[in-house]
Each structure stands twice: as C-alpha cells, then as structure tokens.
Amino acid sequence: MAEENENGQEKTEEATPRKKEKARDDGQIPRSRELTTSAILILGTFSLYFFGTYMSGQLLAIGRHNFDLSRDVVFNTSSMVEHLVASGYHGLLSMLPLFGVLLVASIIGPISLGGWLLSAKAMAPKASRLNPIAGLKRMFSKKSLMELGKSIGKVLLILGAALVVLAIQRQEILRLSDMETTAGVIYALKLGAYGAIAMAAVTIFIAMIDIPIQISEHAKKLKMSRQDVKDEMKDTEGKPEVKSRIRQLQREMAQRRMMADVPKADVVITNPTHYAVALSYDPDTMGTPILLAKGGDHTAMKIREIAKAHNIEIIESPVLARAVYYTTEVEQEIPSGLYMAVAQVLAYVFQLRSYRRGQGERPAYPRNVKVPPDMRFD
C-alpha cells in the first residue's frame, strides 16, 4: 500500500527533478552506513597488512626505548617526561599511515552513494531532535526495528567469519608461543591482518544488501501524490490566473509602446473602420517599410485618432490594410509580396507632401492598389 501525505492522499508518483533537487539542498540523499563501515574496515585492514611491519617495528622501538633505562634515568623525573613525550610522538608517527587510510576511507564511503554534499540545512540544529517523546517514537519505530535487525545480522555474520578465521589459523596462533619476540609480534600482526581482511570482506555482502534498500527507501520517502505534482507544476509555471494577468499586462505594455510609435509613421492605411496599420519608411536608412502599429476595431480607432492629431496621412485601402495586418508583425518589415502596393501608397504620400510645400502637381489618390491574390484576406 502506498504511503499517504498529511492530507491523506496516496503517494503514488515518482519524485520530480525539482523535488529531488530540493531534497538534496536539505541534505536528504541516500546514504549507507554499511558501505561506509565496509570501506573503513577493508581499507583499514589492508593498511595494517601493508604497513604492519613498519608499525610493529616502530612500536618495538618505543618499547625498547622505555624499558631499557639506566639507573640515572629512572630516578630523574624530567627524563621520564622526555620519554613520555618521545614515546607519544613516535607512537603517533607509527600510526599515521593507518590514520591516513582511515580518513580517506571515511570520506570515500559516504560519497560513493549520493555523492559529495555539504548542506547547511542538514547541519543546522533542530529543536525537534531534543524532544524526548519524538526520540522514543524513533526508538520504537519500524525503521529502528529494521536497523536493529540489520545490526544483529551484521554481528552474527562477522562473528561467524571470526570463528572461521580462528579455526583456520588455529595452528599458526599456537606457533606464536615458540617464536622469538620480534618475529612473533610481526607474525601476530600479519595473522590479525588476514583475519581482519576476511571479516571485512563479509561487510561487503552486508553493504551490497543495504545499498539497494537505502536507495529504495530514499525514493519511497520522496514520492509524491498527484496533487503534489500538480501544485509543484503550478508553482513552477505559475498559477493560471497569475499567468493570465501577466500576459494581459504584457499586452497592455506592448500596446502602449506601439501607440507611442504611431506619431513616427509616414502613413496610416485603414479598412476604413475595422483595421488600421501604421507604416514608416525612410529611403536613406531603410531598405523596406516597417510596420509600427496595427490594430482592429477599438485599437484601429485609436491609431486613427493619434494619426489625425499628428497630421499623419490616412489612406483608405481595405484590401491592403487587411493584407498588412495579417502578414506583418509590429516592428517587422513588410513581406516582399506587398512592396509594390505599399510603394504606391508611400509614393502618393511623399508627392502630396511636396505638393503642399508648393513643389509639383497634386498626385492622384491611390484607389486601385494592387495586392497579390495570395495576400488578400476577407
């Protein structure tokens, strides 16, 4: 049976990438303590095997240094302090290879599953962790019982491996009593390393069982209900009413900018009432006329009002007005199919300006503007 969220809805959906990313930011990633334990034990035991001779030699040297004392040194308290400091220093040096390997193992183990993560939220203190009632619930929870079972199984497996190792090495262990002290210590360390490697190998099987369990538990913990997925999509993409309002504001802003460009137009072509398009063309800087504004009905009326207020020529050409309206976007060049038709209108406008300045004859009104059949719209 699927788990339920706080609203009683079943968590049947896999976690979304956003949910996984948020969980990672909160420090929630799959971790296997068994994998970390296995890495520490295996690398630690191998380091004992490889550095055992060096470590045992150093420890023997420290023993000789502390037990081979002259009478003057024994009764000199300052010499005892010097011996203690020297013994601690050399003891630390002798154990340094082992400590270094264990440090590396303690880093490799956790990041092998889930990767490297440093989360401030995970390290932040939480008052809920100090709640004794919550602590008791965790102690007797299903997860705690599972961890207890795993721990008991792990102890039994390692204990079994230890007994097998002791049985196999029984004769070698008994031979230690016949060996010289130095050789006996070195050989005992090697036997211990072999036994530790054998027992550490058992933890690999435990880790291999635990890793899929932890990954499955983590995925199960992050599962979402269908409503959770919908809510996340709303938060990600925005609520419909908010998106609608944003689009409306964007349209209003674009329309205001468009209306502000109408006074820059050279001509406004109308339907005459349903459509209006404002065109601009400067032969010195433009290769093609550009549509500055367009609109239908109320917007068309506003374009005409602004054009009249700024003495911009208004030309009635229903077919051309509809063609430009449907084929051209604001601030875009008109299509090549309308070059000739628009050129007729602009030529009239420019000649009319010259006529009003007293230059040339009055041009004929462009009544029969030729628009290609494939650009005609009803």
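1. Strand β1 (residues 267-270) pairs with β4 in the parallel sense, over four bridges. Strands here are DSSP E runs of at least two residues, helices are H or I runs of at least four, and both are numbered from the N terminus; two strands pair if DSSP finds at least two bridges between them. One pair to look up: V268 has I314 as its bridge partner in β4.

2. Before going on, some housekeeping: this is a predicted model, where local features need pLDDT of at least 70, side-chain atom pairs count only at pLDDT 80 or more, and totals for chains, interfaces and linings use all residues. Residues are numbered from 1 along each chain as its sequence is written, and side-chain values use heavy atoms, with hydrogens and water left out.

3. Now the whole sheet. It is open, has four strands in the order β3-β2-β1-β4, and its pairing is mixed. β3 (290-296) and β4 (313-316) are at the edges with a single partner strand each, so one side of each has no neighbour in the sheet. From one strand to the next, the twist averages 20°.

4. On the other side of β1, the pairing with β2 is antiparallel, over four bridges, and a hairpin of four residues joins β1 to β2. T270 has A276 as its bridge partner in β2. β2 and β3 also run antiparallel, joined by six bridges; there, S280 has I290 as its bridge partner in β3.

5. Is β2 mostly covered or mostly open? Mostly covered: six of its six residues are buried, where buried means under 20% relative accessible area, exposed over 50%, and partly exposed in between (1.4 Å probe, protein chains only). Y275, V277 and L279 point one way from β2, while A276, A278 and S280 point the other way.

6. Two helices to view against the sheet. Helix α12 (residues 298-309) lies across β1, β2 (275-280), β3 and β4, at about 130° to β3. Helix α14 (residues 339-356) packs on the sheet too, touching β1, β2 and β4, and its direction makes about 140° with that of β4. For these angles, axes are lines fitted to C-alpha atoms (for helices, over the stretch in contact), and values run from 0 to 180 degrees between N-to-C directions.

7. S317 is worth a click. It sits in the loop between β4 and α13 (318-327) and is buried, at a relative accessible area of 8%. Leaving aside neighbours within four places in sequence, S317 is in contact (heavy atoms within 4.5 Å) with I269, T270 and V369.

8. Over to the helices: the axes of α2 (residues 33-67) and α4 (residues 77-111) come within 8 Å and cross at roughly 170°. That makes α2 roughly antiparallel to α4, a label for angles over 145 degrees (under 35 is roughly parallel, 65 to 115 roughly perpendicular, the rest oblique).

9. Helix α7 (residues 142-168) has 27 residues and reaches 39 Å from its first C-alpha to its last, close to the 39 Å expected at 1.5 Å a residue; the expected span is 1.5 Å times one less than the number of residues. E147, K154, A161, A162 and V165 are buried in α7, and what covers its buried residues includes α2 and α9 (181-222).

10. Overall, the protein has 14 helices and four strands, and 30% of its 378 residues count as buried.
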